[in-house]
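Dear colleague,

Please find the structure we discussed handed over below. My findings on helix packing and aromatic contacts follow it.

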Amino acid sequence: MATQEEFAGQLLTTFNHAALAMMVSIGHRTSLFDTMSQMAPATIAEIAQRANLQSRYVQEWLGAMVTSGVIEVDPATDRYSLPAAHAASLTRAAGPDNMASLAQYFAELGGVESDVVECFRNGGGVPYEKYPRFHDIMAESSAKFVAGALESDVLPLIPELREHLQRGIRAVDVGCGRGLTMIRLAERFPNSRFEGVDFSQEAIRYAHSQAHLKGLTNVTFHAQDATAPLEADAYDWITSFDAIHDQGQPLEVLQNICRALKPDGVYLMQEIRGSSHHHGDIGHPLGTLLYAISCMHCMTVSLAQGGEGLGAMWGEERTRDYLTRAGFRSIERHELAHDIQNYWYVVRK
Ligand SMILES: C[S@@+](CC[C@H](N)C(=O)[O-])C[C@H]1O[C@@H](n2cnc3c(N)ncnc32)[C@H](O)[C@@H]1O
């Protein structure tokens, strides 16, 4: 237990880190990290010019970056540099190791703080429409942890799957968002047919346009609620990627998936890693972050649908309980090294 003085010091550090997270998001969105990773030590004016940004803003951002130790400055020359070891976690070139994109969640969630406070007082929830960049940020994240890891990590979870996909199967992704994963699969496995379902018109329009641009004829997307009955006994493979816990009626969605799966089909569910108990999540490397995202997004968007408000941290015990109640018999839980935020469940009837 920390003394009062130690705890106050920890809080100060927390606020500094929270502020840094907002600045990291700006560094990502303005491509400042990408730009600086390509430059020798440079002045503020040089950095602003190369990044095509206003130098006064770049100057203030650099202040936050230098005081936090993310970027180095040489006081003798007033030249700034991004160490290569830091660029390896902050730039788009870092691919799946780029953590800067995750920092975008803070401003997105901060934008609904007053709405959430209102819900604390009067109940209800904050609808998806209040999160203007949600699908954008989510798609960036799933490009890394799902679509970008299909061949290396995700498909090998189901040993027979790759061969079946090559031969030709029917698959649907529930809560598909912008549909990136189904599009990647459709490109890679032309003999199989893929579908995506999501109630966001905006996300489905985006998915359609991408599939059309790529000239794909084996993938279709449907703007519908995930409780709307899917064709029964029709699918060899059903997926949901971080999409069950924020449903209005998660059990109904799982029952729908169970009905739609062929008797020998497989359901692959990526869901947030957690224990179903606050005390069980002490020491969780992302515990505070995930509860906060849940409170300010996952739980509240479900409540806004008049739903259950299960929350992101519903955890493994409750996940197993819901799957069993939905009619599934076999549940295997996997961890993938590239994705410390989620468990991967391979589920069969
Ligand atoms: C956390 S996002 C995950 C999106 C996508 N699977 C990904 O990994 O990028 C959850 C998705 O579920 C969708 N969703 C939430 N409630 C839904 C409902 N009742 N019916 C259909 N889709 C829903 C949202 O629009 C959102 O795209």
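Helix H7 (residues 113-122) packs with helix H14 (residues 287-304) at an angle of about 65°, their axes being 10 Å apart. Please note that this is a predicted model. H7 and H14 make a left-handed crossing. On the H7 side, the contact is made by Glu113, Val116, Cys119 and Phe120, while H14 contributes Cys295, Met296 and Thr300. Sorted by class, the residues in the contact of H7 with H14 are five nonpolar, one polar and one charged.

A second packing involves helix H13 (residues 250-260) and helix H15 (residues 315-326), which meet at an angle of about 50° with their axes 8 Å apart. H13 and H15 are therefore oblique to each other. The crossing in which H13 passes H15 is right-handed. From H13, the residues that make the contact are Pro250, Leu251, Leu254, Gln255 and Cys258; from H15, they are Tyr322, Leu323, Arg325 and Ala326. In terms of class, the contact of H13 with H15 comprises seven nonpolar residues, one polar residue and one charged residue.

The third pair is formed by helix H1 (residues 4-29) and helix H4 (residues 55-67), whose axes come within 10 Å and cross at roughly 125°. H1 and H4 are therefore oblique to each other. H1 passes H4 in a crossing that is left-handed. Which residues of H1 meet H4? They are Leu20, Met23, Val24, Ile26 and Gly27, and their counterparts in H4 are Trp61, Ala64 and Met65. The contact of H1 with H4 has seven nonpolar residues and one polar residue, with no charged residues.

I turn next to the aromatic side chains. How many aromatic pairs does a search of the whole structure find? The search finds seven. One aromatic cluster is formed by Tyr128, Phe134 and Phe199. Should you wish to examine the pairs further, a pair of aromatic rings is described by the distance of the centres and the angle of the planes.

Two arginine residues also lie over aromatic rings. Arg170 is placed over the face of Tyr235, at 4.4 Å from the ring centre. Arg333 is placed over the face of Tyr343, at 4.0 Å from the ring centre.

To recapitulate the crossings, those of H7 with H14 and of H1 with H4 are left-handed, whereas that of H13 with H15 is right-handed.

With kind regards

Technical notes:
Residues are numbered from 1 along each chain as its sequence is written. This is a predicted model: local features need pLDDT of at least 70, side-chain atom pairs count only at pLDDT 80 or more; totals for chains, interfaces and linings use all residues. Side-chain values use heavy atoms; hydrogens and water are left out. Rings of Phe, Tyr and Trp (its six-membered ring) pair if their centres lie within 6.5 Å; planes under 30 degrees apart count as stacked, over 60 as edge-to-face and the rest as tilted. A charge sits over a ring if NZ of Lys or CZ of Arg is within 6 Å of the ring centre and within 35 degrees of the ring normal. Axes are lines fitted to C-alpha atoms, for helices over the stretch in contact, and angles run from 0 to 180 degrees between N-to-C directions. Helices (H or I, at least four residues) and strands (E, at least two) are DSSP runs, numbered from the N terminus. Angles under 35 degrees count as roughly parallel, over 145 as roughly antiparallel, 65 to 115 as roughly perpendicular and the rest as oblique. A crossing is left-handed if the near helix is turned anticlockwise from the far one by less than a right angle, and right-handed if clockwise. Contact means heavy atoms within 4.5 Å. Ala, Val, Leu, Ile, Met, Phe, Trp, Tyr, Cys and Pro count as nonpolar, Asp, Glu, Lys and Arg as charged, and the others, Gly among them, as polar.
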